[in-house]
Amino acid sequence: MWIKIDEKISPTVLREAEEKLLAGDSEVTLDFSSVSRVDAPTLRELAELARIADAKAGRVNLRGVNVDVYKVLKLVKLTQKFSFAN
Amino acid sequence: MSTLETLPEKTIVPPTENLPPERIACLDNLVSQAKTAAALFAQFTQEDVDRIVRAMVLAGLEHAQHLARLAIEETRIGVMEDKVIKNMVASEFVYNFVKDKRTVGVIREFPDRNLTEIAEPVGVLFSITPITNPTSTVLFKCIVAVKTRNAVIFGPHPKAWRCCAEAVRIMYETAVKHGAPEGVFFCLESPTIPDNAYLMHHKDVAMIDATGGPGAVKAAYSSGKPALGVGAGNTPVYIEKTADLNTAVVDIIVSKTFDNGTICASEQTLVIDDEIFDQVLKKFADLGAHICNEKETRLLARTVIDPQTGCMQPMAVGQKATDIARFIGLKVEPNTKLLMAEIRGVGRGHPLSAEKLFPVLAVYRAHSASEALRVCVDVNHHGGLGHTAVIFSRNDGIIRKFGEVINAGRIIVNSPGSIGALGAVYNDLVPTFSFGCGTGGGNSTTDNVNIYHYLNIKRMARRTQNHMWFRVPNQIYFNMNAVENIRQFPSLSTIIITNPALEQLGHVEIVRKNLPPKTHLHVHVIPDAEPEMQVILDGVKALNFYKADQIVALGGGSVIDAAKIMKLKYESPSADLEELAAPFLDLRKRVVQFPSERTNHARLIAIATTSGTGSEVTPFAVLTDNANGRKVTLADYTLSPDVAIVDPQFVMSMPKGLTADTGIDCLTHALEAGVSNYASPYTDSNAMQAIRLAFKYLPIAYENPRDEEARSMMHNAACIAAMAFSNASVGLNHALAHAFGARFKVAHGRANALMLPHVIAYNASVPTKFMPSPYTQGYVANKKYATIADLLGLPGHTIDEKVKSLIAAIEHLLDDLDFPRSIADLGISKEEFEKAMPELVKNAFDDPAWRSNPRMPLMSEIGELFWKAYDGRTRPVTTEVLEHQPA
């Protein structure tokens, strides 16, 4: 499953990805190429997504994550939970 | 796709004793939220944080009185009006300091140093705040934290947590409203020591900022976390006899009564010169101080200071003077501002010499400036190391001496201690509510803590292209009869330094004929050997005797080197040759500088009579130290001759052996300068030309000594090669040759020849260790050897082939010059050589010549090179090369 995320990330979109994993999808790809910043609710949803992926042995791929956002994910130790690609 | 594997984190186990699980969960949750906030902060721009900070400052100003009232109600410490001012200073004055400072991204650039400083936030801070300045400290730290994009969890003093929590709430709500991440501040409610201990050890707390008593500071530093711990003081004040007494007395009252003396930088003991003592005390009394008599002093000492600990009684902290007096049963006027008591010493035996965060001042009568300074030092060391000290004086010498002997991060001059130390009011100190006390106070800094302590400052250092140089004598005359140019240099007294052989050959007479007519000439003959100290001293004596204004060095390297050193000692008699020979890595950074002051002046004209060393243009001179069995090498451009004469008539009679030896020395100079780490386009052009000339003319000059063209060109080649290595230095070949030549008494050129093919092969292969050098871009020695091969028209398609051709051509040249082709050929036995090997390796490695070599030699490799030179040629010279004639 491929989800394109707008610059203003909606937690709904991330919840959609969570549902896909819960429904049995083994892999979800989120396209972050339009995202310049993340906020606290997004981080919370990403952490939840990572938790579900762990539980379901699923895989979450993040595409096009800019380095500023990547650093935020790194600081909250979420980078190890996702796969990254350009 | 890529997934990052991360290293396991260090295991940090926070202490959990006396902490129920739900409290631990609560604290973990706070840290987690703060961590997320700090992470999100990483995305903020300077404009983002500046906008938030401005709003926070305005909120702080708006609530200054509200927070002051809360602090007074909760702590019962201090003065309401003063706490309002403190809150305003913490907001407005701090803002004025930080508002234009860059704290995001690039914060400073140093273009001339190629340095850029970039800010990196710290992350989550755990901050302890004191009871004495609760809300102002919180305001200050919140503003500084947002300015630097950090999150803070506050652990306020247990008796001041409500007012602090309110201050944090105001700052938090304002910050978040203006865009700060949620979770940026938290304040512990009813904090306990176990809470603090847990947070201090929490793995996600990046730094501790502890403003408080010694216990809190010690706990912070003991946690193993980076910490800013600032704590207690004991401020000595010296009122020196030249002080403006009216200003001093008012300033001290202002300071010591400010918030009832709760600022830890406030004055504690006044040390007053005897001449003004009574006058000063009267002024204090006139302005509302109560001067205690001896009985009252004893009462005060045993009540406000705990006799068990020697520390102040907590109940007195921040109380009014009249309240303290009433409490201890001391009768004072109702408007009394201060209680002052005379002490006669400092330490546990004199309780009032300790820190007193309330309006009680100790005073000491000093009978001299020296005694006053000693007592101030005593107070400083009695619990106040690193904190604050104050002096009132108009005597700048005393003020400076006070600054030198007192160990305090803030030395406040002619102004109030407490408000002065806060900064930005009475002086230009950085505004703060955290005073760093340095190592004396067990702290990591003596600074007034501010934004730069809340940042990791990254320094981006771009490669610096150091300037280089090309320095040679500014007058070089060459070709046949160039000596005639000596006529143009006026001189009243000239000394020719030469050796006996050259005098016999008539060379001295040639020079004499070309000197200006009225020149008084003296010829000073020295032995034909490397100069030793006595030779130098004799020469200097002659120079002084004849008051020489010109020295003509006529000879080979030894004579010219001797003349250089004689000139140095003649012009600068105090020059210490031993010290001047101290080793150095970089000419510009050398520890020992050559003297620039001169008592005499003499022009040095060098006339070379050999074609090898190039000493006529080099900044080097070698002195033999026979007493210690060693050579002393001096190197400095001030040694370079003023004028060089490269006239081939002086080398036409050189014997064949000397022609070969000096010629190979010249070639080695050029080859080593060519691949040196200090090589430049300027030295390369000289090195390449010298190599070309040597390959072409050395065999001719050797076979046909009277060939004027060959002699002239080799003479030029030696000088040109010397210009190259004077600026690019030599290399490993010289280091090996120096060690080997000295040990086995082999001529320098011959020793060079034995090493040369092996060193080229060594330098042209990939180094085991590269030489660090800011001057070179990549490893190029092999390519430069290939370029030399191309220049000589040698065969080869690849770099490797060309290097081999160059080595073969050198082998061929050495054969033509009838050089022994191995150390074994010199008759040195293998056993003897093996025995000498440790010394050879050591001396070669100690030789500074290889420092510019393109390949850093390991000691084992030096040994291998010596053995290769012992065995001699290992590769047969190809027919192709043998048939080749250099271009």
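**Notebook: strands, a helix and a chain contact**

I began with two strands of chain B. Strand 1 (residues 106–110) and strand 2 (residues 115–121) pair in the antiparallel sense, over 4 bridges. I keep in mind that this is a predicted model.

**Entry 1: the hairpin and its sheet**

I looked for the residues that face each other. B:V106 stands opposite B:I118 in strand 2 of chain B. B:R108 stands opposite B:E117 in strand 2 of chain B.

What do strand 1 and strand 2 of chain B form together? They form a hairpin, and 4 residues lie between the two strands. I checked the turn as well. B:N114 sits there and has a positive phi of about 55 degrees.

Next I followed strand 2 of chain B to another partner. Strand 15 (residues 455–461) of chain B pairs with strand 2 in the antiparallel sense, over 7 bridges. I noted one pair from this match: B:P121 has B:L455 as its bridge partner in strand 15 of chain B.

Then I put the pieces together. The 3 strands form an open sheet in chain B, in the order 1-2-15, with antiparallel pairing. Which strands stand at the edges? Strand 1 and strand 15 of chain B do. Each has a single partner strand, so one side of each is left without a neighbour in the sheet. I also looked up the twist. Neighbouring strands of this sheet are turned by 20 degrees against each other on average, direction ignored. I added a general reminder to myself: in a regular strand the side chains alternate between the two faces of the sheet.

**Entry 2: a covered strand**

I moved on to strand 13 (residues 386–392) of chain B. Is this strand mostly covered or mostly open? Strand 13 is mostly covered, and 7 of its 7 residues are buried.

I looked up two of its partners. Strand 8 (residues 235–239) of chain B pairs with strand 13 in the parallel sense over 3 bridges. In that match, B:V237 has B:V390 of strand 13 as its bridge partner. Strand 14 (residues 408–413) of chain B also runs parallel to strand 13, and 5 bridges join the two. Here B:G386 stands opposite B:A408 in strand 14 of chain B.

**Entry 3: helix 24**

I tested the length of helix 24 (residues 732–744) of chain B. At 1.5 Å a residue, its 13 residues should span 18 Å. The end C-alpha atoms are 18 Å apart, which agrees.

I listed buried residues of this helix. Among them are B:L732, B:H734, B:L736 and B:F740. What do the buried residues of helix 24 pack against? They pack against helix 21 (656–675), helix 25 (748–764), helix 28 (830–846) and helix 29 (859–871) of chain B. After helix 24 comes B:K745, with a positive phi near 55 degrees.

**Entry 4: domains**

I looked up how chain B is divided. Its domains are domain 1 (31–230), domain 2 (235–430), domain 3 (471–650) and domain 4 (656–887). The centres of domain 1 and domain 3 of chain B, taken over C-alpha atoms, are 70 Å apart.

**Entry 5: where chain A touches chain B**

How many residues of chain A are in contact with chain B? I found 15 residues of chain A in contact with 14 residues of chain B. Helix 2 (40–56), helix 3 (67–75) and strand 4 (83–85) of chain A each supply at least two residues of chain A's side. Helix 3 of chain A gives the most, with 4 residues. By class, this side of chain A has 7 nonpolar, 4 polar and 4 charged residues.

Definitions and conventions:
Residues numbered from 1 in each chain as written. Chains lettered and ligands numbered in written order. Predicted model: local features only at pLDDT ≥ 70, side-chain atom pairs only at ≥ 80, totals over all residues. Expected span 1.5 Å × (residues − 1). Buried ≥ 20, exposed ≤ 12 C-beta atoms within 10 Å, placed from the backbone. Contact = placed C-beta atoms within 7 Å. Nonpolar A, V, L, I, M, F, W, Y, C, P; charged D, E, K, R; others polar. Pairing = 2+ DSSP bridges. Domains from an automatic or database assignment. Axes fitted to C-alpha atoms, helices over the stretch in contact; angles between N-to-C directions.
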